Amino acid sequence: MTSSPPALTRIRIGSAPDSWGVWFPDDPLQTPWERFLDEVSGAGYEWIELGPYGYLPTDPARLTDETARRGLRVSAGTVFTGLHHGPAVWADTWEHVSRIAALTQAVGAGHLVVIPSFWRDDKTGKVLEDRTLTAGQWRELTTQTERLGREVRERYGLRIVVHPHADTHIDTPSSVARFLDATDPDLVSLCLDTGHYAYCGGDSVRAIETFAERIGYLHLKQVDPRVLAEVLSEQLPFGPAVARGVMCEPPSGVPALEPVLAAAQRLGVDLFAIVEQDMYPCPPDRPLPIARRTRAYLRSCGAR
């Protein structure tokens, strides 16, 4: 008889609008927000992220009521930034970030997931800028991210967790290491997305062990190695890669999530681990069965 894995007592499991095919505040191809909340709760999750600002209600009292009556709580908000452009973009960045940070704080969450801007359009593949930053742009990226971390903490009491992402300037293990080496651990933590890290050639267990003090948040995701090989061979941008199915339902892809979660548990700190299976666009009846199976799989890994 196979013994059950140890309970992951420091890991809090959740899901996100992304796992319901939601990428935009408003899009006719997406699941309506009421259905998302009903289904994510029905699938057995207790924590969610806000998703794109404006998808869920932005009135804190209404959002708190809508989540609470379904037994849900919010773990984080998400922002997209282009901080390598330096002080010239700060005002517009802060206007965007402050709205989301205020809502995130008001609903009781403690984290703000920060995703760098894309170097090529994630739908068309149009190259927007060089995929490699200059030394000066790296300095701007790190110093402005530290500034963001300080402002968000002082004004809203939130911790920023920077999310390496395919088709951005923080993606591969080497760029993640360079970014972390150049930023203050007191101001900037890492949101390790297991799928994006594998997509860009990384080993999530090794990342957790190497960057132990910097791991502040997890996104759980898997890639289909066969589809990924096609994507890399054809140099597909991220959007068409997702439409082709590069992000797949666990446990059918990589990395294996049980050792990732075990490594995170060994850190000895409380961590959110939020399921994100990119599926834009997807049929409205597809997400819920996957969400239920994924929650059951994570329980089998010890994530109660």
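**Cysteines, a C-terminal helix, pockets and unusual backbone**

The sulfur of Cys301 sits 14 Å from the closest cysteine sulfur, in Cys248, which is too far for a bond. A disulfide here is a pair of cysteine sulfur atoms within 2.5 Å, and by this rule the count comes to zero disulfides. Cys191 is likewise in no disulfide; the nearest cysteine sulfur, that of Cys200, is 14 Å away. Both cysteines are tucked inside: Cys301 counts as buried at 3% relative accessibility, and Cys191 is buried with a relative accessible area of 0%. (Buried means under 20% relative accessible area, exposed over 50%, and partly exposed in between, with a 1.4 Å probe and protein chains only.) The model is a predicted one, so local features need pLDDT of at least 70 and side-chain atom pairs count only at pLDDT 80 or more, while totals for chains, interfaces and linings use all residues. Residues are numbered from 1 along each chain as its sequence is written, and side-chain values use heavy atoms, with hydrogens and water left out.

Helix α11 takes up residues 287-300. Helices (H or I, at least four residues) and strands (E, at least two) are DSSP runs, numbered from the N terminus. With 14 residues, α11 reaches 20 Å from its first C-alpha to its last, close to the 20 Å expected at 1.5 Å a residue; that expected span is 1.5 Å times one less than the number of residues. On its buried side, α11 has Pro287, Leu288, Ile290, Ala291, Thr294, Arg295, Tyr297 and Leu298. These buried residues pack against three strands and two helices by name: β1 (11-15), β7 (215-220) and β10 (271-275), plus α1 (33-42) and α10 (257-266). Contact means heavy atoms within 4.5 Å. After α11 comes Gly302, with a positive phi near 105 degrees.

α11 also turns up at an internal hole. A search of the whole structure finds three cavities of 30 Å³ or more, and the largest has a volume of about 60 Å³. On a 1 Å grid over the protein atoms alone, a cavity is a set of points where a 1.4 Å probe fits but cannot get out, and a pocket is an open set with protein on both sides within 12 Å along at least five of seven lines; lining residues have an atom within 4 Å of a point. Grid points are joined across faces, edges and corners, and a volume is the space filled by probe spheres set on the points. The largest share of the lining of the largest cavity, four residues, comes from α11. Ser15, Tyr45, Val275 and Met279 are among the lining residues. By class, this lining has six nonpolar, four polar and no charged residues. Ala, Val, Leu, Ile, Met, Phe, Trp, Tyr, Cys and Pro count as nonpolar, Asp, Glu, Lys and Arg as charged, and the others, Gly among them, as polar.

As for the pockets, the largest has a volume of about 640 Å³. Of its 30 lining residues, Trp23, Pro52, Thr78, Phe80 and Ile115 lie nearest the centre. β3 (73-81), α3 (90-106) and β4 (111-116) each supply at least two lining residues, with β3 giving the most, three. The lining splits into 14 nonpolar, ten polar and six charged residues. The second largest pocket holds about 240 Å³ of space. Its lining has 13 residues, with Arg120, Arg131, Asp167, Tyr199 and Leu232 nearest the centre, and divides into seven nonpolar, two polar and four charged.

Asp167 has a backbone quirk too: a positive phi of about 65 degrees, although it is not a glycine. Asp167 lies in the loop between β5 (159-162) and α5 (173-181) and is buried, with a relative accessible area of 6%. Gln235 also has a positive phi, near 55 degrees, but counts as exposed, at 61% relative accessibility. The place of Gln235 is the loop between α8 (225-234) and α9 (238-244). Most residues other than glycine have a negative phi, and most peptide bonds are trans. Cis bonds join Pro250 to Pro251, with omega about 10 degrees, and Val254 to Pro255, with omega near 0 degrees. Pro251 belongs to the loop between β9 (247-248) and α10, and Pro255 is likewise found between β9 and α10.

Two buried helix residues round out the picture. His196, in α6 (194-199), is buried at 2%; leaving aside neighbours within four places in sequence, its contacts include His163, His165, Lys221 and Asp278. Leu37, in α1, is buried at 0% and touches residues including Ile48, Leu56 and Leu72, not counting those up to four places away in sequence.
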